[in-house]
Amino acid sequence: MSFFDTLKAGSDAERQQMFAIPIIQDALRGQATTGQYLAFLGQAYHHVRHTVPLLMACGSRLGPDYEWLREAIAEYIEEEVGHQEWILNDIAAAGGDAEAVRRSQPHASTELMVAYAYHQIDRGNPVGFFGMVHVLEGTSTALATHAADTLRGALGLPPEAFSYLNSHGSLDIGHVAFFEGLVNRLQRAEDQQAVLHVARMMYKLYGDVFRSLPHGGALFEQAA
């Protein structure tokens, strides 16, 4: 079994627990509200704006034996630059206040998820960061593939309000294939274990972000 298959199998229980969260099920059925969608985008902004800094931090901590991985990180960075601005554009197109989101503080669940990623890079094994990549890319692909069109029809929002979800999903289909080849090159047991551990933790932490989204039509409490 390849390590990518081991990673999927080893974190499948946590993945299923996350996808069972009611608001994710609502989104997949097209039953989420505009307020919930805006809340999701608001928290997405707060973690996506850290994607490039996290990738840069990870690359800076890798030793000389990982030059091949640093080169792959450079490719990721090139494709991820500016995605947080896509999210702000979607918020504006959906009737939200993009500038208020830009100035706001993340919810505690989002802040903890991002802080955990920095902690793993700075104090743990930086290769473990790819466990977070696995979770976020896999989740965005699933949501974009199964929820974006359903939500757009249900909410009556323009296509411009879904540019991040749609384009990120189609982009991540290629990313997942790239990621699979990447992690399959990891040969050291400590690296594989770090990626698996972070993936399991990230399903729980990212799940907490979804659990923190509001019920009904209320907008997210920006100061929470």
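## A walk through the rings and hollows

Search the whole structure and you find nine aromatic pairs. Take Tyr37 and Phe40 to begin with: their ring centres are 6.5 Å apart and their planes meet at 25°, and since planes under 30 degrees apart count as stacked, this pair is stacked. Keep in mind as you look that this is a predicted model.

Where do Tyr37 and Phe40 sit along the chain? Both belong to helix H4, which covers residues 34-48, and because they are three residues apart there, about one helical turn separates them. Are they buried or exposed? Tyr37 has a relative accessible area of 3%, so it is buried. Phe40 comes in at 13% relative accessibility and counts as buried too, because the cut-off is under 20%.

Now hop over to Tyr206 and Phe210. This aromatic pair is edge-to-face, with 4.9 Å from centre to centre and 65° between the planes. The two residues are four apart in helix H13 (residues 189-211), so about one helical turn lies between them. Tyr206 has 6% relative accessibility, which makes it buried, and Phe210, also listed at 6%, counts as buried.

Rings gather in a group as well: Phe4, Tyr76, Phe129, Phe130, Phe178 and Phe179 make up one aromatic cluster. There's also a charge to spot beside a ring, with Arg15 lying over the face of Phe19 at 4.4 Å from the ring centre.

Some of these names come back once you look at the empty space. Rolling a probe the size of a water molecule over the atoms shows where empty space is left. The largest pocket holds about 230 Å³ of space. Its lining includes Phe4, Arg15 and Phe179, and Phe4 and Phe179 are members of the aromatic cluster. Also along the lining are Lys8, Ser11, Asp12, His134, Glu137, Gly138, Thr141, Val176 and Tyr203. Which elements give two or more residues to this lining? They are helix H1 (3-10), helix H2 (12-19), helix H10 (129-146) and helix H12 (163-183). H10 gives the most, with four residues.

Next come the cavities, and the structure holds two of 30 Å³ or more. The second largest has about 150 Å³ of space. It is lined by 13 residues, and the closest to its centre are Ile23, Ala27, Phe40, Leu151 and Phe210. You've met two of those already: Phe40 from the stacked pair, and Phe210 from the edge-to-face pair. Helix H3 (22-28) and H4 are the elements that give two or more residues to the lining of this cavity.

For another stop, find Trp86 in helix H7 (residues 83-93). Its relative accessible area is 31%, so Trp86 is partly exposed. What does Trp86 touch, leaving aside its neighbours within four places in sequence? The contacts are with Ser163, Tyr164 and Ser167. Just along from there, Ala161 is 75 residues from Trp86 along the chain, yet the C-alpha atoms of the two are separated by 9.4 Å.

Last, a word on confidence. The chain has a mean pLDDT of 88, and 92% of its residues reach 70 or more. Residues 217-224 are a stretch to read with that in mind: there the pLDDT is below 50, although the stretch has 18 contacts in the model beyond near neighbours in sequence.

Notes. Residues are numbered from 1 along each chain as its sequence is written. This is a predicted model: local features need pLDDT of at least 70, side-chain atom pairs count only at pLDDT 80 or more; totals for chains, interfaces and linings use all residues. Side-chain values use heavy atoms; hydrogens and water are left out. Rings of Phe, Tyr and Trp (its six-membered ring) pair if their centres lie within 6.5 Å; planes under 30 degrees apart count as stacked, over 60 as edge-to-face and the rest as tilted. Buried means under 20% relative accessible area, exposed over 50%, partly exposed in between (1.4 Å probe, protein chains only). A charge sits over a ring if NZ of Lys or CZ of Arg is within 6 Å of the ring centre and within 35 degrees of the ring normal. pLDDT is the predictor's confidence in each residue, from 0 to 100. Contact means heavy atoms within 4.5 Å. On a 1 Å grid over the protein atoms alone, a cavity is a set of points where a 1.4 Å probe fits but cannot get out, and a pocket is an open set with protein on both sides within 12 Å along at least five of seven lines; lining residues have an atom within 4 Å of a point. Grid points are joined across faces, edges and corners, and a volume is the space filled by probe spheres set on the points.
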